[in-house]
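Work through the following exercises with the sequence and the model side by side. Each task is followed by a solution that goes step by step.

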Amino acid sequence: MSNMQTAILFPGQGAQATGMGRRLAEASSDIMDLWKKAEAVSGQPLREIYWESNDASLMAETRTLQPALTVVNFALFLSCADRFTPVAAAGHSLGEFAALAAAKVLPFDKVLELVTLRGQLMADADPDHEGSMMAVLRLPLDILEETVKKVGDETGKLVRVANKNTPAQYVISGHKQALEMVYEELKDSAVRGKFFPLAVSGAFHTPMMAEANAEFIKLLDKQDWQSAKFPIYSNVNGDPLTEPNLIRNAMRKQMTSSVQWVDTIAHMWKNGVRRWIEFGPQGVTSRMVRPILSAIDVDDSSYETVHIANFDSVQAFEG
């Protein structure tokens, strides 16, 4: 199936793993240099945190995770890039920045500067800890959106469906009080969805990030944006973009907009993609492909997903 049209995927926060990227970097001085550069740009001991520590909360810290995971994602892609030719790319939230580098929209050193600032701004965006996020499983979207709107109207607090990951997996984001009310409204409903609080420092992908985003846009707008070598399917609307200004404008909205991952994968399928390769430690985005395509009656045998997670899977990858 390797002759099928192939898209590349990059995961975002939550895909981290102890030791991620270590063997790959130890086998390549060029990749080790990416880690050193990320440490210099971020001012953080990234290799010590992700290679030596088993502290999950430390590894989940937004300000260190964003540069570290971006290095891992891009290094995995770089290690395989001469063995196949992608026709498209997408990244889930933070992962979209690795996609920018892979498609040569921005040089990787500039992407590192962007994700470092993004991590700092998002970590500091909610000093009073008013916002959070909650995963919602096995609940129909129409019921969830109706309840979110009702709670927002009744409380005057911001809450929205921030990630549409699969037809059975969503994330709501907003004020903690509003999230709790959505949960209370739906926990005993007939459809019996499941709710899981996420360990994040704020209400990401909502207007509660507007102040942080305004600061981030200043650095975004200073970059020399290039045409994408292959289309990047945008988090903001799930559409393929290649033109520099369209990509930049989408990235300007990314931090405060919902992640339209269901539309991203569905639009890729519609446009002829039949193989998805995820470059990242945990296989988060490639696992989302099947439920999305199943919901539009695509047969499992008509496509392929591949996960490149580490040194061993890079070595085994044949293109």
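**Exercise 1. Determine how the lining of the largest pocket divides among nonpolar, polar and charged residues, and then locate the lining in the chain.**

Solution. By class, the lining holds 19 nonpolar, 12 polar and two charged residues, where Ala, Val, Leu, Ile, Met, Phe, Trp, Tyr, Cys and Pro count as nonpolar, Asp, Glu, Lys and Arg as charged, and the others, Gly among them, as polar. The model is predicted, so local features need pLDDT of at least 70 and side-chain atom pairs count only at pLDDT 80 or more, whereas totals for chains, interfaces and linings use all residues. Residues are numbered from 1 along each chain as its sequence is written, and side-chain values use heavy atoms, with hydrogens and water left out.

The next step is the volume, which is about 760 Å³ for the largest pocket. Of the 33 residues that line this pocket, Q13, G14, N165, V171 and L198 are the closest to its centre. A pocket here is an open set of points on a 1 Å grid over the protein atoms alone, where a 1.4 Å probe fits, with protein on both sides within 12 Å along at least five of seven lines, and a lining residue has an atom within 4 Å of a point. The volume is the space filled by probe spheres set on the points, which are joined across faces, edges and corners.

Finally, at least two lining residues come from each of α5, α7, β3 (131-137), β4 (159-166), β5 (169-175) and α13 (284-287); helices (H or I, at least four residues) and strands (E, at least two) are DSSP runs, numbered from the N terminus.

**Exercise 2. Compare the end-to-end distance of helix α2 with its expected span, and work out where its buried residues lie.**

Solution. Helix α2 covers residues 29-42, and its 14 residues at 1.5 Å a residue should span 20 Å, in agreement with the 20 Å between its end C-alpha atoms; the expected span is 1.5 Å times one less than the number of residues.

For the second part, I31, M32, L34, W35, A38, E39 and S42 of α2 are buried, that is, under 20% relative accessible area, whereas exposed means over 50% and partly exposed in between (1.4 Å probe, protein chains only). Seen down the axis of α2, these buried residues fall within an arc of 150 degrees, so they line one face of the helix, the arc being that of the directions from the helix axis to the C-beta atoms. S29, D30 and A40, on the other side of α2, are exposed.

The buried residues of α2 pack against α1 (22-26), α3 (46-52), α5 (62-80) and α7 (108-124). Just after α2, G43 takes a positive phi of about 70 degrees.

**Exercise 3. Establish which residues are in contact with I292, leaving aside its neighbours within four places in sequence.**

Solution. I292 has its place in helix α14 (residues 289-294), and with a relative accessible area of 2% this residue is buried. Its contacts (heavy atoms within 4.5 Å) beyond four places in sequence are N165, T166, P167, W261, V262, I265 and A266. In helix α12 (residues 261-270), the buried residues are W261, T264, I265, A266, M268 and W269. T264 and I292 are 28 residues apart in sequence, and their C-alpha atoms are 9.7 Å apart in space.

T264 also belongs to the contacts of Y233, which, with neighbours within four places set aside, include H267, M268 and N271. Y233 is found in strand β7 (residues 232-233) and counts as buried at 4% relative accessibility.

**Exercise 4. Decide whether K104 and D297 are buried or exposed, and state the phi of K104 and of D297.**

Solution. Most residues other than glycine have a negative phi. K104 has a positive phi near 60 degrees; this residue lies in the loop between α6 (95-102) and α7, and at 54% relative accessibility it counts as exposed. D297 likewise has a positive phi near 60 degrees; its place is in the loop between α14 and β10 (304-308), and at 73% relative accessibility D297 counts as exposed.
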